[in-house]
Amino acid sequence: MSQFYDNLETRAPEQREADLMARLPRQIAHAQQHSPAFAEILQGVEAPGVASRSALARLPVTRKSELLERQAAHRPQQIFGGFNAIAVGRDMPRLFASPGPIYEPESRRADYWRMARAMHAAGFRAGELVHNCFSYHFVPAGSMMETGAHALGCTVFAGGTGQTEQQVQAMADLRPAGYVGTPSFLKIIVEKAQEMGVKLPSLTKAMVSGEAFPPSLRDWMLEHGIDAYQSYGTADLGLIAYETSAREGLVLDEEVIVEIVRPGTDDLVAEGEVGELVVTSLNPDYPLIRFGTGDLSAYLPGTCPTGRSNARIKGWLGRADQAAKVRGMFVHAKQVAEVVQRFPQIGKARLVVTGEMANDRMQLLVETTETAPGFAQQVVDALREVTKLRGEVQMVAPGSLPNDGKVVEDARSYQ
């Protein structure tokens, strides 16, 4: 039995890139024709010309906050803010709501969220019973995993969340091959089973998501006989990347084009630098183009030792939509980016907020080699103009700021 879900995972990187870039112009045109929101956002864009990553990078990033704003402004006439390319009814059996609320459609397309690939990499196979402990109400997580399991040929027990003792009893009765859900809830279930004196010998694998999965928890699972792997996705995009037996980062899904940009901007970061994940989905039913996830990550060099040839990311490294409240006013990453964009002499920048309550200090660290008299004061003036707050500027050597994607750092003590 193959360790790969399909042949797409092992194709030559050059072939994959050619295939993705051939599909990209068609997806751009489709979004312009069938999604009212992208007809507006991409107005004037010639779709056939968007056939390379450099051309894609010239399109605007649409962030989750903007999607929320458009949805709120256009409801109830347009539930999804005009981003959908299918309508409520026959083609859309379900829709979901994530915090915001942001509403997401699900079409009749098999494995709509593309989770089968990640579950296969985690060891799930046809004919097995999967215990699904993701929520089935409001959010799409439960359906994401169920439709992925069905695509593999698995049967699903809809465990949902909570009711730990009943979860243990069902696992003891039904003997599922594996679990899908958050890693913390799996730990709670295993500990509850031990407390109840119930053995769960069939539970040997898991695919977890929805929260951090540190190596310490992964090792704890292994000590209890469960080989657990993580996947990364969002309610808007479905699967983005997944873990393999190599345990080296997360391999990108085959149906997305991933870019990493500097938080608060539309601009690509250098290879290996931490930034915000921006994803273009090739899903025709919900064609999100350059969608800013708000999550930080970075590319890993090389390819997966398992033989999967797609690029890898380091996984979730924090949030890109950073902000800090300074003297009663919020300062956002995009404001720092606005300051930086005024000065081509500046590479990276980081706003550090220190001090104690009612005595905040705001300092902008900028990477530059500029030594012209008055330059620092120009940056100070720009910082005040953009943020409406007084701040200091410190010039530092290029490459000296940490590679962690942080643009706004709140270093104050709240104890």
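This report describes one helix and the cysteines of a predicted model.

**Helix α9**

Helix α9 spans residues 215-223, and its buried residues are Leu217, Arg218, Trp220 and Met221. When the helix is viewed down its axis, these buried residues fall within an arc of 160°, so they line one face of α9. On the other side of α9, by contrast, Ser216 and Glu223 are exposed. The packing partners of the buried residues of α9 are α8, which covers 183-196, and β8, which covers 227-234. After α9 comes Gly225, a residue whose phi is positive, near 80°.

**Cysteines**

A disulfide is a covalent bond between the sulfur atoms of two cysteines. The structure holds 0 disulfides, and the position of Cys133 shows why this residue is unpaired: the closest cysteine sulfur, in Cys154, is 15 Å from its own, too far for a bond, given that a disulfide requires sulfur atoms within 2.5 Å. Cys154 is likewise in no disulfide, the nearest cysteine sulfur being that of Cys133, 15 Å away. As for their surroundings, Cys133 is buried, with a relative accessible area of 4%, and Cys154 is buried as well, with a relative accessible area of 7%. The table sets out these values for each residue.

| Residue | Relative accessible area | Nearest cysteine sulfur |
|---|---|---|
| Cys133 | 4%, buried | Cys154, 15 Å |
| Cys154 | 7%, buried | Cys133, 15 Å |

Technical notes:
Residues are numbered from 1 along each chain as its sequence is written. This is a predicted model: local features need pLDDT of at least 70, side-chain atom pairs count only at pLDDT 80 or more; totals for chains, interfaces and linings use all residues. Side-chain values use heavy atoms; hydrogens and water are left out. Buried means under 20% relative accessible area, exposed over 50%, partly exposed in between (1.4 Å probe, protein chains only). Helices (H or I, at least four residues) and strands (E, at least two) are DSSP runs, numbered from the N terminus. The arc is that of the directions from the helix axis to the C-beta atoms. Contact means heavy atoms within 4.5 Å.
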